[in-house]
Amino acid sequence: MTVRRFTPKDFTQRMERAVAQAADAGLDGLLVTPGPDLVYFTGYQPTAITERITMLVLGAGRDPAMIVPALERGDAELADGVTAVSLTDWADGSDPYTRAARLLDPNGRYAVSDSAWAMHLLALQEALPGPGYTSMTSTLPMLRAVKDDEEIDRLAAAAAAADAAYEQIVGVRFAGRQEREIGADLAGFLREHGHDTVDFTIVGSGPNGANPHSEMTGRTVREGDMVVLDFGGLRDGYGSDTTRTVHVGPPDDEERKVFEIVRRAQQAAFEAVRPGVACQEIDRAARKVIGDAGYGEYFIHRTGHGIGLTTHEPPYMVEGETHTLVPGMCFSIEPGIYLPGRFGVRIEDIVTVTADGGRRLNGTSHEMHIVS
């Protein structure tokens, strides 16, 4: 599908919403540094994130302003969102922090991107000791959590591409091949279907599948192995992340049982999705199914995480997360059971919250696929 380019108006609206959210949180503004936050607000991503400071300043009653290295100003000016931003540049050999300090309220309180380099923040504090600084995630965790229709379209396209890669990978031979060889095939299929970057391809076979974030190894996949396939990356700037668990040859009775428990847990969590429900309720719905089946101690991670410009971001589907679901939020639902030394099972879809429930962005079957 063809995606619409984000317009200057899109970026301006994002900045305005962010300033309003900051004010509601008792903040005077935001300091946005290179990384997903800067891409979200301006569409600008420096070619290389270096020791030279780049920082966007957003605040109530002030026009958006950004300081950039002089040698990168031309690139910054090409970004669609920067048309609404006042640019200040600085040359090597000058003091950028004194210039950056002029963009801030001397007594303000600012949320700072988690990706900010400590050297920049500490130098800014030295140049302007008055303001207070806090983490963006701790004070404004839902800043990028609610996606607009265009963002959801991009996430849906990324999910469809990941689904297409899965449909191809189950057609290759597993038995007698190393995990890393299968992972290389999977990464190639993701790129074939439009992914610009591949962030991860987990191929956890047999006992390696009991490690949720198993690194691909030289282990040779064997007949009788359960294999966890977890993979994703970025397509048109937005993430994919899906997991399916396949079996090499016919499974035994316990493997079928565990797989079915995870499938039911994933379905229960999906059915719990609706506006106004606390994020932790999604985790509880999945955990109850697995706990009631006697495998609670083997479900060792949260049920899900947000996704957007990065594959892991707020909101998180985990006990203690009381933020409520809002239409437009997008996140994974990925319960699992991991039996040490034996095998693991995980099933994961990306879901978006709708006006009256949820919609899966992934569409491949949840049934156990038998591979050769």
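User: Happy to start with the smaller picture: which element gives the largest share of the lining of the second largest pocket?
Analyst: This is a predicted model, where local features need pLDDT of at least 70, side-chain atom pairs count only at pLDDT 80 or more, and totals for chains, interfaces and linings use all residues. Residues are numbered from 1 along each chain as its sequence is written, and side-chain values use heavy atoms, leaving out hydrogens and water. A share of 3 residues puts one element at the top, namely strand 7.

User: What is the volume of the second largest pocket?
Analyst: A pocket is an open set of points on a 1 Å grid over the protein atoms alone where a 1.4 Å probe fits, with protein on both sides within 12 Å along at least five of seven lines, and lining residues have an atom within 4 Å of a point. Its volume, the space filled by probe spheres set on the points, is about 300 Å³.

User: Which elements give two or more residues to the lining of the second largest pocket?
Analyst: That pocket is lined by 17 residues, with Ile202, Pro212, His213, Asp230 and His312 nearest its centre. Two strands (DSSP E runs of at least two residues) qualify: strand 7 (197–205) and strand 11 (304–306).

User: How many residues of the lining of the largest pocket are charged?
Analyst: The largest pocket has 23 lining residues, and Phe11, Val39, Gly43, Tyr44 and Gln45 lie nearest its centre. The lining divides into 12 nonpolar and 5 polar residues, while the charged ones number 6.

User: Which helix gives the most to the lining of the largest pocket?
Analyst: About 500 Å³ of space lies in this pocket. Helix 1 (8–24) and helix 2 (36–42) each supply at least two lining residues. With 4 residues, the top contributor is helix 2.

How values were computed. Nonpolar A, V, L, I, M, F, W, Y, C, P; charged D, E, K, R; others polar.
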